[in-house]
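Please open the model in your viewer and keep the sequence panel beside it. The stops below say what to select next and what is to be found there.

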Amino acid sequence: MADQNSNGSGNPERYDIIVVGAGPAGQSAALYAGRSRIPTLVLERGIPGGQLWNTAEVEDYPGFEHIMGPDLAERMQKHAEKFGATFETAEAESISVDGDDRVVRTADGREFRAAAVIVTAGGEARKLDVPGEDELAGKGVSYCAVCDGAFFQDADIAVVGGGDSAVEEGTFLTRYGKRVHVIHRRSEYRAQPILIEQMRATGKVEEVLDTVVEEIHGTDGRVSHLTLRNVESGERSELRVQAVFPFVGFTPHSDVFDPEVAARIEVDESGHIVTDQAMRTGVPGIFAAGDVRSQFVRQITNAVGDATTAALAANAYVEQLKHARSKQAPAQGRGREAA
Ligand code: NAP
């Protein structure tokens, strides 16, 4: 069982596995670890579910022909809890190594220890980094269609990006908007063809290709229009919209390690954590899975699959460590007797 000493007493809480982040990958790791009867703690700074809370409709998770992202998030959490994982609301600030312990310190000053840590911290929406974006955030600029779409009934809505998120969330926003302008910097989308077909089938989408947003303007503190630039002709234009939803990619939360550990963990050019096929990082006992990990695709399905691998690999690591310790202990005992 986990040593449930309170952090208030100065003693760290100890588990076998700590999972950092409770998106689909974290929930799956928790489910597998919990089901293997391993004392497991899941740390999540926000609401469990990760990017599912920013995903309107999910149609590509087997067994669910159609489910809303937040509904899937809630189901995943209930399922993981059923197998005994402990959930704590806390932001993991640094992961370090102390002998055989992997130590997670949280922003609220607590310390948790385990033999293994699985980092499933996901990431967050990348910003456009244009004037007006920060000032008008929450006043027409939003990164979550499912959260804010309903505020823009019969409005002109802009979506920026050409990947799966932009096209999928753009399609969802046609439920509310009079017109959805999908602004993409190239002439071809990166999104899957089926998603593009679904978007076009709505008949409510205006595709603004080869175009970037240069500035977001507001009137009376709310988004009023955008300055656009056609990257081919260089021509600038204005587009009147009441809302803009940038979906231009994802920044991974891979900066959760203390400097000594970070120096031993490889990340790719976009900051995603590189692992081997068992989801092991360069530091024994530290695993990574889900959107924070460097990989070819970022789907719910492979986040869940990789987290399964990570949980089982972490389990094997913990067992090996216990076995090694149990062999060491009597030997050490004999040594003391002899002395
Ligand atoms: P993404 O695939 O990286 O696409 C980002 C898009 O934004 C690209 O079209 C990119 O243009 C554009 N972009 C990047 N920076 C920009 C900037 N500064 N200004 C304007 N445009 C910019 O990101 P995502 O759509 O968020 O998807 C992330 C991952 O989740 C992907 O692996 C995706 O497949 C997955 N996902 C899957 C589903 C699904 O299967 N249903 C749904 C959502 C997300 P370029 O194309 O020119 O680079």
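Is D71 buried, partly exposed or exposed, judged by its relative accessible area? Select D71 in this predicted model, and colour the residues by accessibility before reading on. D71 has a relative accessible area of 39%, which lies between the 20% limit for buried and the 50% limit for exposed, and it is therefore partly exposed. Widening the selection to residues 69–82 shows helix 2, the element in which D71 is found. If L52 is then added and a distance is drawn between the two C-alpha atoms, the separation is 8.5 Å, for residues that stand 19 positions apart along the chain.

Next, move to the ligand and display the residues around it. The ligand is surrounded by 18 residues, of which D60, D164, R186, R190 and Q299 are the closest. Colouring this shell by class gives seven charged, eight polar and three nonpolar residues. Three side chains deserve a distance label each. For Q299, an N or O atom of the side chain is 2.4 Å from an oxygen atom of the ligand; for R190, the corresponding distance from a side-chain N or O atom to a ligand oxygen atom is 2.6 Å; and for D164, a polar side-chain atom lies 2.7 Å from an oxygen atom of the ligand. With a surface switched on, consider the cover as a whole: taken on its own the ligand has 920 Å² of accessible area, and the protein covers 79% of that.

Now select residues 92–98 and 101–106, which are strand 6 and strand 7 respectively, and which pair in the antiparallel sense over six bridges. Within this pairing, V97 has R102 of strand 7 as its bridge partner. The hairpin that the two strands make has two residues between the strands, and in it G99 takes a positive phi near 60°.

For the last stop, select C144 and C147 and show their side chains as sticks. They form a disulfide in which the sulfur atoms are 1.9 Å apart, and the structure holds one such bond. Which hand does this disulfide have, given the torsion about the S-S bond of C144 and C147? That torsion is about 70°, so the disulfide is right-handed. The accessibility of each partner can be read in turn: C144 has a relative accessible area of 6% and is buried, whereas C147, at 43%, counts as partly exposed.

Methods: Residues numbered from 1 in each chain as written. Predicted model: local features only at pLDDT ≥ 70, side-chain atom pairs only at ≥ 80, totals over all residues. Heavy atoms only, no water. Disulfide = S-S within 2.5 Å. Buried < 20%, exposed > 50% of the residue type's maximum accessible area, 1.4 Å probe, protein only. Pairing = 2+ DSSP bridges. Helix = DSSP H or I, 4+ residues; strand = E, 2+ residues; numbered from the N terminus. Near = heavy atom within 4 Å. Polar contact = N/O pair within 3.5 Å; in protein donor to acceptor, adjacent residues only side chain to side chain. Areas by Shrake-Rupley, 256 points an atom, 1.4 Å probe, with all protein chains shown as cover. Nonpolar A, V, L, I, M, F, W, Y, C, P; charged D, E, K, R; others polar.
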